[in-house]
Structure formats: structure tokens, C-alpha cells
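Biologist: Could you walk me through this one, slowly? Let's put it on the screen first.

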Amino acid sequence: MEPQTMPREQLGICAEINLHSVYLMFNAIEGEENHLRPCIANVAEYIHELADQYGDSAFNGFVAIGANFWDTFYPAARPALLKPFPAMSKDNREAPGLEFDLFVQLRCDRYDVLHLVANEINQMLEGLVELMEEERGFRFMDSRDLTGFVDGTENPKGQHRQQVALVGNEDIGFKNGSYAHVQKFAHDLSSWQRLSVKKQEDIIGRTKSDNIEYASEDKPLTSHIKRVNLKNDQGEPMEILRQSMPYGSLKEQGLMFISLCHTPDYFEKMLHSMVHGDGAGNHDHLMNFTHALTGSSFFVPSVDFLAQFEE
Ligand code: HEM
């Protein structure tokens, strides 16, 4: 890497919404790390090039390295704040940890392109990894979660996405990387749909059909919005970039929740506020209608960080 050039971020971190997604979780085969390192660099470069080739269908993606795998894979240096998923539970609210060595997110407005690229990447990694989980996501209606509520409205916009999601000069060796948390949530839609629309809206803190935020004084302390809208010690809003999409089939469906941020702390504080509440008994009532099946922590390095290990 030229010392003067800005490391290129992986384009899936801050990408705008897409129609389709593929999520691949891999574990590395022990002893193959030396072969895998250049291969991961190639995969990231390949994804980067395809974003150009399939620009018309908004192809993007990234490859991320698991918190527990990092030191084995890149023993020389570690992102300053990288740590395993902050598993937690309280009463019926579970946020379990389930770590994977590698995570590949691919997104595109063409399903055929995604399928082709997923196959291609799987082949590039053959013999070096084991595919542990595969899930496909889709845009539902006008970007709604399967609960029927628009998801992503308060996400950072424009250039602010980069400021929120990417590591800056505070950890120069990992600049333009991002801390990623992934939770696969399975919804209990039959219970949810038995609620009146007003009850659902009180749980989210926004109206359903026209997606209007409740006035501050009307937001229940147990609403999702109230529980995740937090401020840091300087009184500034804690912001994460959510890249979640609905997934599933009739047997199991929900939200593939994905948070990207320049620090892992904001996600952890929000999750804590959802699960444990505010200390006065107010937890997130959305958690009564969905449960997390997984919880994984990754770092998404810049393309140029990974390229150091190309052969
Ligand atoms: C906002 C759904 C999990 C953090 C929202 C909104 C919906 C929603 C409908 C309102 C629209 C918007 O601004 O996007 C869900 C569902 C979840 C889930 C269905 C799981 C099944 C989480 C988790 C976190 C989180 C695990 C973080 C730990 C946020 C944040 C906002 C938000 C930061 C924006 C709040 C604001 O500034 O108004 N979510 N969410 N969500 N959610 Fe979630």
C-alpha cells in the first residue's frame, strides 16, 4: 500500500439499499491460514471490481473477519476495539453469541448475479473453509421489516454514512474498516399479527402505514425507538449504520440485523438497553415478538489492508 493513499473501504459497508442479498458464514479449516490469506484478499478485490462491472444493478459486498479468528489469521496487529459478540440475556430476552471465522455479505438488485458471484466465491475458498450458514435476504415492500414497519428510516444519510460506519485516524492501521455485528432474528409473526395496529405502533414508536415518528412525549419507554436512541458521554447521539434485510421462508422468517460502526460500543449499549432496559423495568417490547438465533462480531478491513497479503 502506498503510504499516502487512502485505504479503499469495502463498498458493501455504506452501500444504499438493494433488492436482494446473500449472507455466507464460513469457518476456516485449521492449518490453511497461509493459503486463505491471499485468497481473502482476492475475494475482496473481486467484489470491488464487480461493483463496477455490475454497477447498473448496484452490486456490492464485503468480506469480514471474525473477532475470535482475527489473531490466528492476522497475528501482527488487531483492530483496537475488536471483541467477541456481547452475548446477554434477561428473563425471556436472549441475545446469544455464535461466532464465525468469516462473513461474506453480497447484495445486488439482480438475484442471478448474486447467485453467480456466491458460487464463484465459494469456489475460490474451496478446501480452505467450511460453509457453516447461508441465508438470502430480500427487500420487502417499501423497505419494511416483516413486522410491516419501514426499517432504516433514521439511518445516517449521504457522506454521514462513512463518518458513522468507518474507522478514522484514531486507529490508523485499520482506517476505513468497520466493526460489524450480525444477529439473525426469527419473528413470531402470528403473535405479532394478533396485536392491534396501535399496540404494534406503541412497540416500535412510529406509525405503521405512513411511518411517522411518535412525538417524544408519546413514545413509551418500552418502545424500540426509545430503547435504541441513546447519547454518548459527550451528549452526542450514538449512531450505527444498519444494513439489515428481511430473510426467510414460511417455516422461519425474520430480520438479518447488521450493524456497522466505527466503534463496537454503540451497538453493545443499544442491545443492552433493549435486553436489560433502563434500570427501571423498561425493556424493549419488540423482543417479546422476535428472538435472536445468532450473534456474531466481525471486523471489515479495508480492501488495501487485505491486499497486503496478496501473493
Ligand atoms: C430503528 C426494527 C433490532 C437499532 C428501527 C425501526 C424499526 C426497527 C422498524 C424504525 C425505523 C428506522 O429508523 O429504521 C427492528 C427490528 C429488529 C431491530 C424488527 C429486530 C428484529 C435492532 C437492534 C438494534 C437496533 C438489535 C441495535 C442493537 C436501531 C436503531 C434505530 C432503529 C439505532 C434508529 C432509532 C432512531 O434514531 O430513531 N428498528 N430493529 N434495532 N433500530 Fe431497530
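Biologist: Let's begin with a pair of strands. In S10, which residue is the bridge partner of Phe185?

Modeller: Keep in mind that this is a predicted model. S7 and S10 are antiparallel and share eight bridges. One of the residues bridged to S10 is Phe185, and its partner there is Leu255.

Biologist: Okay, and which strand does S7 join through five bridges?

Modeller: That partner covers residues 296–300 and runs antiparallel to S7. You can spot the pairing at Ser178, which stands opposite Val300. The strand joined by five bridges is S12.

Biologist: How many bridges join S7 to S11?

Modeller: S11 spans residues 290–292, and here too the pairing is antiparallel. Look for Ala186, which sits opposite His291. The number of bridges between S7 and S11 is three.

Biologist: So is S7 mostly covered or not, and how many of its 10 residues are buried?

Modeller: A residue counts as buried if 20 or more other C-beta atoms lie within 10 Å of its own. By that test S7 is mostly covered, and the number of its 10 residues that are buried is nine.

Biologist: Now the ligand. Which class has 12 residues in the shell around it?

Modeller: There are 24 residues around the ligand, and Phe185 is among those that come nearest, along with Phe149, Thr153, Glu154 and Met270. S7, H7, S10 and H8 each give two or more residues to that shell. Sorted by class, eight are polar and four are charged, while the class with 12 is nonpolar.

Key:
Residues numbered from 1 in each chain as written. Predicted model: local features only at pLDDT ≥ 70, side-chain atom pairs only at ≥ 80, totals over all residues. Near = placed C-beta within 6 Å. Helix = DSSP H or I, 4+ residues; strand = E, 2+ residues; numbered from the N terminus. Nonpolar A, V, L, I, M, F, W, Y, C, P; charged D, E, K, R; others polar. Buried ≥ 20, exposed ≤ 12 C-beta atoms within 10 Å, placed from the backbone. Pairing = 2+ DSSP bridges.
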